[in-house]
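Please look through the sequence and the model below, and keep both in view while reading. The paragraphs that follow turn to charged side chains and the contacts they make.

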Amino acid sequence: MLNITDKSVEDTIPAYLRLGFRPFFFLGSAYAIIAIAAWVWMFQNGQPSALQVPALWWHVHEMLFGFSMAIVAGFVLTAVQTWTGVNGTKHHRLAVLVGLWLAPRILFWTPAPLWLVSSVEALFLIAVAYEVGFRVVKSKGWKNLFFVPLFILAVVANFASYAAIKGLPPFPASAVWQAMLWWFTILLSVMGGRVIPFFTAKKFNFEKAQPLVWLEWAANLPLVGLFILSFFPLTFSQFGQELMLLAGVFQLVRFVRWKAWLTLSEPLVWALHTAYVCIPLSLLLRGLLDNPFANHNMVHLFAIGALGGLILAMIARVTMGHTGRAIYNGPNMALPFGLIFVAALLRSVGVSFFPAYMLELINVSAALWVFAFAMYMWHFAMMLLKPRADGHPG
């Protein structure tokens, strides 16, 4: 049972600080637009003089630790209240977390030393892990404790990515980026396996596909192996493709059991399936294509299609539900959901097989991404900034 919230106290809190999803979905989605628009400009015009880190490093880091991590933080800070029955982070504590996330985004464009920027960013990750962890421990809901070590790994990767700018050991920036992409793959695989078959079965009134223990291990353990091997490039070059093929096959088997073909009438459900299938597709294509250029570009099938697509579908759904609205009676997001998938295909498959049109394909893909998240902001931003429609706390 959720702890009782004093309505009079709740009403004194600004609506945008009443639960974690509100500021982080708003700022994360806005940053998704800003960061991609800025990167496309940098890609074509070169390093901005005001940016104190390499432009490519900034692009990858900010899409992972900036945009994606903001959404993850907003999601877990909100979901942990449901998981544990303990009131979520709000008001001043939430404002501090928002400030810790926002500060590095600004400091990159100032002369601030990188040790300070990296420390603030690490403090944000540690603070989110603490906010989740103490609620899990208090409620003894141990199955949700896995988020804490995930965030600790992200702290380590964060410091390593900054060290790579200075050429410091032990890992190059590319290894850290690869590791964080596998970090997000593991996160999406675990969370997707929990919620996608549940949402599908509940909406379309059929029995949920029960997880098979052996299949869960077979689909996820190779991803853990890929995460570890990312830090050992020579070993990764020997075994990486085989592990990707193995993970891809079992991820695809797992996905088929969720009956995606029954969801075509509801965008908020088929969008989850369309995004998730990008995980096995990207794994299989990267495992099969023995071509460094294609392999690099196929990363975007996951980064845009799976990570971006699942984020867009989930934040639309969570925003409706947690602002006191009927989930399936909201704005029609079918077009933005579809365009994210098209953007992923253009940036990955398109660029891999038609490199002569790389600039044009990147521009179109970026424009589709920007449009998709702009549509989310258009439809949902005010829901995030105003009190719940039903008058309840949160």
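Is Glu216 buried, partly exposed or exposed? In this predicted model, Glu216 has a relative accessible area of 22%, and because the buried class ends at 20%, Glu216 counts as partly exposed. Its partner is Arg254, with which Glu216 forms a salt bridge whose closest N and O atoms are 3.0 Å apart. Since Arg254 belongs to helix 9 (residues 233-256) and Glu216 to helix 8 (residues 213-229), the pair ties together parts that lie 38 residues apart in sequence. Arg254, with a relative accessible area of 1%, is buried.

This contact is one of 6 salt bridges that the structure holds. Another of them joins the side chains of Arg105 and Glu62, with a distance of 2.5 Å from N to O. Here, too, distant parts of the chain are linked, for Arg105 sits in helix 4 (residues 91-107) while Glu62 sits in helix 3 (residues 55-84), 43 residues apart. Both Arg105 and Glu62 are buried.

A further salt bridge is found between Asp390 and Arg388, where the closest N and O atoms are 2.7 Å apart. Asp390 is partly exposed, with a relative accessible area of 32%, whereas Arg388, at 16%, is buried. Returning to Glu62 and Arg105, one can add Glu121 to the picture, as salt bridges that share partners join these three residues, Glu62, Arg105 and Glu121, into one network.

Notes:
Residues are numbered from 1 along each chain as its sequence is written. This is a predicted model: local features need pLDDT of at least 70, side-chain atom pairs count only at pLDDT 80 or more; totals for chains, interfaces and linings use all residues. Side-chain values use heavy atoms; hydrogens and water are left out. A salt bridge is a side-chain nitrogen of Lys or Arg within 4 Å of a carboxyl oxygen of Asp or Glu. Helices (H or I, at least four residues) and strands (E, at least two) are DSSP runs, numbered from the N terminus. Buried means under 20% relative accessible area, exposed over 50%, partly exposed in between (1.4 Å probe, protein chains only).
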